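This report walks through one protein chain. It starts with a charged pair and then widens to the whole fold.

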Amino acid sequence: MVESNQASAMVVVWLLRAGWIAATLPIVIASVLSSKFSAFHDLVLWFGRRGKTMESSSKKLSVPQKLFCHFYILAVIWTTFLLVATWLYAYKTAPIVSEQVLYSSIASQLTGVSHELSVHKSHISLRGYKYGIWKSVFLLFLIETQVLRRLFEGIYVFKYSPSARMHIVGYLTGLFFYTAAPLSLCSTYALEVFEFVTNMSAEFVVKGKDRMQVTEYDLWGHLNPLIHLKWYVWIGAAFFSWGWIHQRRCHAILGSLRENNQKVNDYTIPHGDWFEYVSSPHYLAEIVMYGGLVIASGFSDITVWLLFGFVVANLSFTAAETHRWYIRKFDSYPRNRYAIIPFVY
């Protein structure tokens, strides 16, 4: 049964990895081999165009850009569910147990020197399992702060032009991203979490609210394991927060440009914060944030690496087109600005 659950969990992991690879490869090919595959490059570019970079002649199979809010509504609902469910699962199944007590409780059931090695391995395995669950909780918490802010900005900060459009493929890609990204942060435990939630729901239906076991809410028990996460998790969180703050500032700058312009299709050159270095600093900030997630994961989760790879490829590709648009649009555009990576690209 245990082996069956592990196999099922790996199916989810490999499906996510395959999805990220399938989404990233076309962008990489279109970026690196643009001279040899110009038609393919233009096709990928057409799929990704939106807003100011979408020409009026390219608006077939497009949807209003204001539907960006759909991404963040989905992201908030889905990420909140995963965060709460994983947090409850971690609290119920992986409580804090001191190493000495845990080791003694296992060793007391076994006798003989021949069992010492297996006991030690079980101890290490259980510790790693518990730690991995709580690390997933923390990663989901970080991304929850991101999608909540993006939903707020989508409603109150960005004022999309009525004529602004995005390709339907870009819209579907956004829905895929905000479904798969949070799941990638807890993919190893996702099936166990879903089974845990299903069992709790079934118990509630069968027993009813009055017959459910009531336990006193333990705030410290829910927070204490997060405090004991390793140092690299907090370094990753610092990088994530750095990118989070700068993206908020850059989005505020972009939002103010729309407020200050009365004409629907009138654009101005943004200034301030990371705009002084690159044309798409909000994309750079996004890369910094997902880089922080890679650091916080301990650099060991391939799924998180593939998620990060997609973010870098997708945003770099889009930023390059945005940079070219700025240069074509404004004769006075600052020539010292790069597309997305300061002094590099």
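Which side chain meets that of Glu286 in a salt bridge? The partner is Arg150, with an N to O distance of 3.6 Å. The model is a predicted one, and that applies to every value below.

## Salt bridges

The Glu286 and Arg150 pair links distant parts of the chain. Glu286 sits in helix H10, Arg150 in helix H5, and their positions lie 136 residues apart in sequence. Glu286 counts as buried because its relative accessibility is 7%, under the 20% cut-off. Arg150 is also buried, at 10% relative accessibility.

Arg150 has another partner. It forms a salt bridge with Glu153, where the closest N and O atoms are 3.6 Å apart. This pair is local: both residues belong to helix H5 (residues 116-156), three residues apart, or about one turn of the helix. Glu153 is buried, with a relative accessible area of 3%.

A further bridge joins the side chains of Asp273 and Arg249, again at 3.6 Å, N to O. Asp273 lies in the loop between helix H9 (231-260) and H10, and Arg249 lies in helix H9, so this bridge ties together parts 24 residues apart in sequence. Asp273 is partly exposed at 24% relative accessibility. Arg249 is partly exposed too, at 38%. Elsewhere, salt bridges with shared partners join Arg149, Arg150, Glu153 and Glu286 into one network. The whole structure holds six salt bridges.

The table lists the three pairs described here.

| Pair | N to O distance | Setting |
|---|---|---|
| Arg150 and Glu153 | 3.6 Å | both in helix H5, three residues apart |
| Glu286 and Arg150 | 3.6 Å | helix H10 and helix H5, 136 residues apart |
| Asp273 and Arg249 | 3.6 Å | loop between H9 and H10, and helix H9, 24 residues apart |

## A buried leucine in H5

Helix H5 also contains Leu139. Why does Leu139 count as buried? Its relative accessibility is 3%, and buried means under 20%. Leaving aside neighbours within four places in sequence, Leu139 is in contact with Leu185, Leu293, Ala296 and Ser297. Take Leu293 from that list. It is 154 residues from Leu139 along the chain, yet the two C-alpha atoms are separated by 6.7 Å.

## A nonpolar surface patch

Now the surface. Ile21, Leu25, Val28, Ile29, Val32, Leu33, Phe40 and Leu43 form a nonpolar patch there. Together they have about 620 Å² of accessible area. Which helices each supply at least two of the patch residues? They are helix H1 (2-32) and helix H2 (38-48). H1 gives the largest share, five residues. Leu25 is a patch member and lies in helix H1. At 47% relative accessibility, Leu25 counts as partly exposed.

## Cysteines

How many disulfides does the count come to? The answer is zero. Two cysteines can be placed by burial. Cys69 is buried, with a relative accessible area of 15%. Cys250 is buried as well, at 0%.

## The whole chain

The chain has eleven helices and two strands. From the N terminus on, the elements run α-α-β-α-α-α-β-α-α-α-α-α-α. Of its 345 residues, 44% count as buried. About 18,600 Å² is exposed, and carbon and sulfur atoms supply 65% of that area. Long-range contacts feature strongly in the count: among contacts between residues at least 6 apart in sequence, 83% join residues at least 24 apart.

## Confidence

The mean pLDDT of the chain is 83, and 78% of its residues reach 70 or more. Where is confidence lowest, and where highest? It is lowest in helix H4 (residues 99-107), at a mean of 39, and highest in helix H10 (residues 281-296), at 98. Over residues 97-121 the pLDDT is below 50. Beyond near neighbours in sequence, that stretch has twelve contacts in the model. Predicted coordinates should not be read in detail where pLDDT is low. Helix H10, with the highest confidence, is also the helix that holds Glu286 of the bridge to Arg150.

Conventions:
Residues numbered from 1 in each chain as written. Predicted model: local features only at pLDDT ≥ 70, side-chain atom pairs only at ≥ 80, totals over all residues. Heavy atoms only, no water. Patch = residues over 30% accessible without salt bridge, like charges linked within 9 Å, V, L, I, M, F, W, Y side chains within 5 Å. Areas by Shrake-Rupley, 256 points an atom, 1.4 Å probe, with all protein chains shown as cover. Salt bridge = Lys/Arg side-chain N within 4 Å of Asp/Glu carboxyl O. Helix = DSSP H or I, 4+ residues; strand = E, 2+ residues; numbered from the N terminus. Buried < 20%, exposed > 50% of the residue type's maximum accessible area, 1.4 Å probe, protein only. Disulfide = S-S within 2.5 Å. pLDDT = per-residue confidence, 0-100. Contact = heavy atoms within 4.5 Å.
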